[in-house]
Amino acid sequence: IAATQPSINWHLKENARGHHTSKFSSKELIVRRGQAFIVTFSGTEQPEQNLTFIAETGPKPSKLAKTQATFGISSTVSKESWSAVLQSTSSNSMSISISSPPNAVIGRYKLSVRSTSSDSSSPASLGTFVLLFNPWSSGDDVFMPNKAECDEYVLEEFGIIFAGNKNRINGFGWNFGQFQEDIVNICLSMLDRSLNYRQDPATDVSHRNDPKYLGRVLSAMVNANDDQGVLLGNWSGNYDGGKSPSSWTGSGEILQNWKKSGFKPVRYGQCWVFAAVLTTVLRCLGIPTRTITNFSSAHDADGNLRVDEFYDASGNHLDRAADSIWNFHVWNESWFSRSDLGPSYSGWQVLDATPQEESGGIYQCGPASRNAIKEGDVDLDYDCPFVFAEVNADCMYWNYDPATGKKTLMFSKSTVIGQFISTKAVGRDDRVDVTNDYKYEEGSKKERDIFKKARKKLGLEDKFDPTAPTPQEIDQKPDISGKFKVAGPLEVGKDLNLILVLANLQSDAKTVHVNMTAWSTVYTRRPVHEIWKDSIPVTLSPKEEKQFPIKISYTEYQQQLTTDNTIQVTALCHVEGGIQVLVQRDITLDNPAIDIQVLGEAKVNKEVDVEVIFTNPIDMEVRDCVLQVEGNDLLRGVLEIAIPPLKASEKSNTKFKVIPFETGPKHLLVNFSCDKFADIKTFKMVNVID
């Protein structure tokens, strides 16, 4: 063999079709484990019984670590190990079907061949190929029996991520782009840059057959904490020195930028960006994955299944607790079996790449079995208590006096956290509610029993907690009730009109002093700028209800708004002779609309015009207008178009051309920004025909 260098035909097209890898834009063979692929090679003078193949991966391949396999040609496929079966021979070439076991290590392999007849000959290299997880194969840990789900959770490059708040859910498009050029290489280099690989490369590579191991490692690598990972988080509301988290429209640009910069963290991410990038990486490697949005999501920093929020006497939400309740939080679910826990915990597993709390000393989270969360089995690996709290924690609202350090409980709620848990439907651009997969019905006996079971497993039932409210505090009843009603449109550029409704619940008159504030916040409800404050004295006759209109003008909030368009309005009611009452509402303002039109039929390799239409809805000029467009199989990379300033009520029509290069339903994503409106997003489905 050493005399002539064998040449190989990898049958790229045919193998890719059989292995569901046709969408990769790679010149290298990419196949899935536990399934045969065909290669033909010529230039070996040896009869087939004299040939031995070697497949190896990682820096120190070894049979013991299952990172090296040697196998001859046999008559049948082995289920447990690598094998090769002769398909056909001609005078100077042979076609061979090579199979890997369903639990093989994934990654880039070197394939070589040597002749067994002469001891001296060194193996001849045939080249490299990439091996991925195989959700279509019943022996694989990631096997997903439903083909439509495989299509969505592994092969679909377009997603919808849900955001906003529980009163007003909105979805925006995202381009996962897991099959874009070079993404598979970037995903593999992510694994080679992890802390585990740096500490012990050979051991790390030998664990890469296990989706729970890879899911956990990648949840750490997507954030920059600890390991110079992909994305740097920023929740300050000030995104100088990088791109604002809400301006991204896809993962491809982020992953490419990370590689281009020499693997320096990309600025900036927030939860949905971390989750979207993790979706891209896991789908690319073949692990079925989706994004999940939890509304009113608890960040329980101290692990007591309780979230404490503090307000001063003026009604300002104090940023003094590590605990918080986010308007929404986005994480991932990946589908695989849990041999470590048992079959009832297999299926969807929660992974979270947003750096919130350390786990095992680094910022990583999961996999936590979704079934374990629902059943309150918080003692199971990994990070179940944190995820359980995200959807189940109890809320305590305290009045805090910074001068004395004294805190008084205003009220507590056990039904606020974990609402409208959402994900994109399979095969459709719709929202599906999965709240019932995370918990039993809110307020039911079963749900409270599970909560007690979780507290017990965490040892919270038996130990005295000096920070917890007393039973007397929890049982106290307020004399008045209050709520904010929306009275008008919730749109950026328009005045915000609300009504504070206060009702006397008692049969004697009440005197109330009301302190009101409005702050701009980020979506985590962290206050950023004060917008407005007011205080009013109120007298309520027995059982009386009164309404107080509130108007916050656009000019008052315009400078202070963050890119999240969120405002928190608070009224702290000091009732004479009674307990204080907190009335609060988180408001997300809608951006103005933007519209995309495809002018004519979209055909493969033919130019088609696209028009984006935006009308400035406010009575001042908007400047620094930029349009960002991307779409798989429609455009390569991200198109940026600068748009001239728009006068009050002026309409802009921006035209550009796309040349689709694949048939089928494709999505065009648009992001429009200017000095008055941040990141107005929309998407359009474009059906490309031959």
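Here is a friendly question-and-answer walk through a predicted model.

Residues are numbered from 1 along each chain as its sequence is written, and side-chain values use heavy atoms, with hydrogens and water left out. Because the model is predicted, local features need pLDDT of at least 70 and side-chain atom pairs count only at pLDDT 80 or more, while totals for chains, interfaces and linings use all residues.

Me: At which residues does UniProt place the feature "binding site"?
Reply: The feature comes from an unreviewed UniProt entry. UniProt positions are given in the numbering used here, feature names are shortened, and annotations may be inferred rather than shown by experiment. The residues are Asn392, Asp394, Glu442 and Glu447.

Me: How many Å apart, at most, are the C-alpha atoms of these residues?
Reply: In sequence they span 56 residues. They nevertheless gather at one spot, because no two of their C-alpha atoms are more than 12.5 Å apart.

Me: Is Asn392 buried or exposed?
Reply: Asn392 belongs to helix α10 (residues 384-392); helices (H or I, at least four residues) and strands (E, at least two) are DSSP runs, numbered from the N terminus. Buried means under 20% relative accessible area, exposed over 50%, and partly exposed in between (1.4 Å probe, protein chains only). With a relative accessibility of 5%, Asn392 is buried.

Me: Which residues is Asn392 in contact with, leaving aside its neighbours within four places in sequence?
Reply: Contact means heavy atoms within 4.5 Å. By that rule, the partners of Asn392 beyond those neighbours are Ile417, Lys439, Glu447 and Phe451.

Me: With which side chain does the side chain of Glu442 make a polar contact?
Reply: Glu442 lies in the loop between α11 (435-438) and α12 (445-457) and is partly exposed, at 27% relative accessible area. A polar contact is a pair of N or O atoms within 3.5 Å; within protein, one must be able to donate a hydrogen and the other to accept it, and residues adjacent in sequence count only if both atoms are side-chain atoms. At 2.8 Å, the partner is the side chain of Lys439.

Me: How many of the residues of α10 are buried?
Reply: This helix is mostly covered. Its buried residues include Phe386, Phe388 and Asn392. The count is 8 of its 9 residues.

Me: Is the ring pair of Phe388 and Phe451 stacked, tilted or edge-to-face, and which helices does the pair tie together?
Reply: Rings of Phe, Tyr and Trp (its six-membered ring) pair if their centres lie within 6.5 Å; planes under 30 degrees apart count as stacked, over 60 as edge-to-face and the rest as tilted. The centres of Phe388 and Phe451 are 6.3 Å apart with planes at 25°, so the pair is stacked. Phe388 is buried at 1% and Phe451 at 5%. The pair ties together parts 63 residues apart in sequence, namely helix α10 and helix α12.

Me: Which residue lies over the face of Phe451?
Reply: A charge sits over a ring if NZ of Lys or CZ of Arg is within 6 Å of the ring centre and within 35 degrees of the ring normal. At 4.4 Å from the ring centre of Phe451, the residue is Arg448.

Me: How many residues apart in sequence are the parts tied together by Trp235 and Trp326?
Reply: The structure holds 30 aromatic pairs. Trp235 and Trp326 form a tilted one, 6.3 Å centre to centre with 50° between the planes, and both residues are buried. Since Trp235 lies in the loop between β12 (231-233) and α7 (251-260) and Trp326 in strand β17 (residues 324-336), the parts are 91 residues apart.

Me: Which strands stand at the edges of the open sheet β16-β15-β20-β21?
Reply: The pairing in this sheet of 4 strands is mixed; two strands pair if DSSP finds at least two bridges between them. Inside the sheet, β15 (residues 306-311) and β20 (residues 394-401) pair in the parallel sense over 6 bridges. Each edge strand has a single partner, so one side of each is left without a neighbour: these are β16 (317-318) and β21 (406-413).

Me: Which side chain is joined to that of Ser95 by a polar contact?
Reply: Ser95 is found in strand β7 (residues 93-99) and is buried, with a relative accessible area of 13%. The polar contact is 2.7 Å, and the partner is Thr40.
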